[in-house]
Structure formats: C-alpha cells, structure tokens
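Student: Could we go through how the labels in this structure get assigned? I'd like to see each one set against its definition.

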Amino acid sequence: MLQVNDNFLKLKAGYLFPEIARRVNAFTQANPDAKVIKLGIGDVTEPLPPAIIKAMHEALDEMASRDSFRGYGPEQGYDFLRNAIAEHDFRARGCDVAPDEIFVSDGSKCDTGNILDIFGDDNSVAVQDPVYPVYVDTNVMAGHTGDSDASGRYQGLTNLPCTAENDFTPALPEKPVDLIYLCYPNNPTGAVASKETLQKWVSYAKEHGSLILFDAAYEAFITDESIPHSIYEIDGARSCAIEFRSFSKNAGFTGTRCAYTVVPKDVIGKTADGKDQPIHPLWNRRHCTKFNGVSYIVQRGAEAAYSEAGKQQIGELVSFYMKNAELLREGLSSVGIEVFGGVNAPYIWLKTPGDATSWDFFDKLLSGVHLVGTPGSGFGASGEGYFRLSAFNSRANVEEAVSRIQKLMSSSA
Ligand code: MLT
C-alpha cells in the first residue's frame, strides 16, 4: 500500500503566497472592474538591466553555433560565475570565500529548503518569528516538528520572537539549538543586524557547535554602511555559517532564476557515531545528484551583474525600489500608521491600525481600496497585528497605493 509523507498533513492550509493569490483571484472574479494593486509577494516589476540582457543575448548566440554550443554544465556553476561572485561579493568586502565554496542554484527558496537533506533529523531548530515561511514549512515536511498549536507555532521548533519591543532583533535561545535560521536584512520585518548582533550569534554558534543558516537575499538593499552584507564579515563565521544569496531581487531574476549558496569547507558536523564530518562534500554530493545546474545563458547574465555597467544599472534598480519604500514609509506615517523597515530592506512592516488582526486588515485593504499586502500573522504568531507591504512595484502603482491607503485611513478616522 502506498504510504504518503504524513508530515505534509501537519502543514497549514496553503503556502502563504499562493493562499493570498487564491483570495485575490476570488476577489477579482467577483469584482472584475477593480484595479487591484499588488504589494504582497516581493516580486520585481522592472525589466532586467541592459548589461544582463546583452550578456544573455550573446550567450544565446553561442548556443546557436556548433563551435560554441554547450550541453550540461558543471552542476555547481561555471567557473566564470563562481570566480566573479567570490571576487565581488566576498573578497571585495574582506571575506574569505573561495570560488569552490560557492554553489550556483536556481533560488534561495529552494536552497534553504533543500539544505535539510544533509543534516540529521534530531537537530533542534530555531527560527525567527515572524519568519520567511519556507524555513518552517520545510522542517515540517522533513518531520522535524510536531503539530501546530492554535497560534500556528509547531511543537519542537524554537521560536525567537522579533517584536517592536526588541527592535525585531531576537534574544539568543534559552536552550541550546543546533540549526539557527537568520535572515538579514530581514524578510518580513525589514530589520537589519549590526556587526555586534551577528558577532553575538557567531559566538553562540561556536560555543554550542550550532550552524547558522544565513539568508542574505536582500543584502543589496542595505543603505547603512555600517551594516554587514555577509555573515563572513564576522570573525569565526567560516566555521559555523552557510550563506544564501540570490540575484532575484537586486538584478530582477525572480523569473529568470539564479542564486547561490556558500558552504565553507571549515563547517564540520558530527556523524551518528560521533566522528567529524565536513559539510561541504555532503552539499556537493547532494547538489550534483539532485540538480543539473543553472542554464549557461542565465549564468552569463548573472556574471554581467558584476560588470561595471551591470553594477551601475543594478544600483539604479535598487535605488528605484528603495525610493518606493521611502514613499510608502512617509505616506503611511503621515496618516498615523506606525511603520518599520523600508530603510535597508524593500519591505515595510506596519502595525495594523486600531486592533485589526493581520487578516482583517488584509480584507479591509482588498475590499476597501483594492490593495494587496501580506498579513503579518502569515509569517508567524509574533507577526499578528502587523502587515507587510513590498516596495517592488512601478512608481505609479506605489504612489497610487499610498493615496488609496491615505483615503482609507481618513474615511475610517
Ligand atoms: C516574499 O515575498 O517574501 C518573497 O518574494 C518570497 C520569495 O522570495 O520566495
């Protein structure tokens, strides 16, 4: 008899973003004339930068000729891209990361989920709360948790509350944990971690033999020069942290797909019989077995992100979205909404007005002014009473969204 993975039955109804899309579809079917503006999922809207398009066109031309055609590439990524990443994203910031510690992939969402393949099932796991739901759901699927309680928290996971009271910077776990997911700049709260904060986590991980899974997908949006872009800017992180990076949000690759994961050779785990085991060969083995690599054309596009023209054009894209974030912050504050984030991250995290729950506010925005955001409670129990707006949209839509929220607030005042 076919057995299913019962752990899937513990998951809440749907993954957050498809669930929002389902509700929005139902609304637009019932209200076909409504001009809905979506600031929910953090999906980019602006076209790929010209330097990237040019590189991808050239790569496609190479594929059109027998002499330069390429079939399967190295699963870990072509050297030209791994070298460019090591040089520009790490060595330029004084971080010791070698090209062969970089694994090019099709997304950080996939990598943060897939990484669990190489770890044992008995690790204790800590997540920030609110949190990018993939970290939690993939641990549920892998059978690392019990059922969820009424607030949506799963038994067996250590939740690290991030609230306005602690500046969305969680305290260290009270009981030792083995795997710690940290996301900075943070999705969804937009909070950032100072060097001191990250040093505290690295010291904790080294003391307890834990591993930090550091999601830095939004590092390009950091505007404050004192904030680290990589966990490897912190002494000692090479032996206790894996870092996830993505071209999705900075270079506009959400539809094009390219990301990478850094697995330093210094990270050592334990086998069931207590022997030391480096993590790097395990991830290499997993990657080569279950993944065929990102397409050559896309990797040439990603490489062009590091050219002089590419860097400048990406800088302009990032500034464009951050101006949207500023407009949202200012527009919402001006009508008395308490806002967080949006300074070093493309997400605005706002306190829902009055006593509205996150989903109440979602419904009010959608039905009242045809605007979509993401309910904070969808990111975890500590997100209840908060709401996330994404700065990824056209300027016209962001301006229109601000004016609709202002109208809604003045009509309900
Ligand atoms: C988000 O809106 O949180 C992100 O777009 C989700 C993702 O990057 O997978």
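The talk below covers the ligand site and then a cavity.

Tutor: Ground rules: residues are numbered from 1 along each chain as its sequence is written. The model is predicted, so local features need pLDDT of at least 70, side-chain atom pairs count only at pLDDT 80 or more, totals for chains, interfaces and linings use all residues, and side-chain values use heavy atoms, with hydrogens and water left out.

Student: What makes Tyr 132 a polar contact of the ligand?

Tutor: A polar contact is a pair of N or O atoms within 3.5 Å. A polar side-chain atom of Tyr 132 sits 2.6 Å from a ligand oxygen, so that pair qualifies. Lys 249 gets there at 2.9 Å, and Arg 388 at 2.7 Å, each to an oxygen atom of the ligand.

Student: How much of the ligand does the protein bury?

Tutor: Alone, the ligand exposes 270 Å², and the protein buries 85% of that (Shrake-Rupley, 1.4 Å probe).

Student: Why is the lining of the largest cavity called nonpolar?

Tutor: Ala, Val, Leu, Ile, Met, Phe, Trp, Tyr, Cys and Pro count as nonpolar. The lining includes Tyr 184, Pro 185 and Val 192, and its residues divide into 9 nonpolar, no polar and no charged. So the label follows from the classes.

Student: What makes that space a cavity?

Tutor: On a 1 Å grid over the protein atoms alone, a cavity is a set of points where a 1.4 Å probe fits but cannot get out; lining residues have an atom within 4 Å of a point. The search finds 1 cavity of 30 Å³ or more, and the largest holds about 40 Å³.

Definitions and conventions. A polar contact is a pair of N or O atoms within 3.5 Å; within protein, one must be able to donate a hydrogen and the other to accept it, and residues adjacent in sequence count only if both atoms are side-chain atoms. On a 1 Å grid over the protein atoms alone, a cavity is a set of points where a 1.4 Å probe fits but cannot get out, and a pocket is an open set with protein on both sides within 12 Å along at least five of seven lines; lining residues have an atom within 4 Å of a point. Grid points are joined across faces, edges and corners, and a volume is the space filled by probe spheres set on the points.
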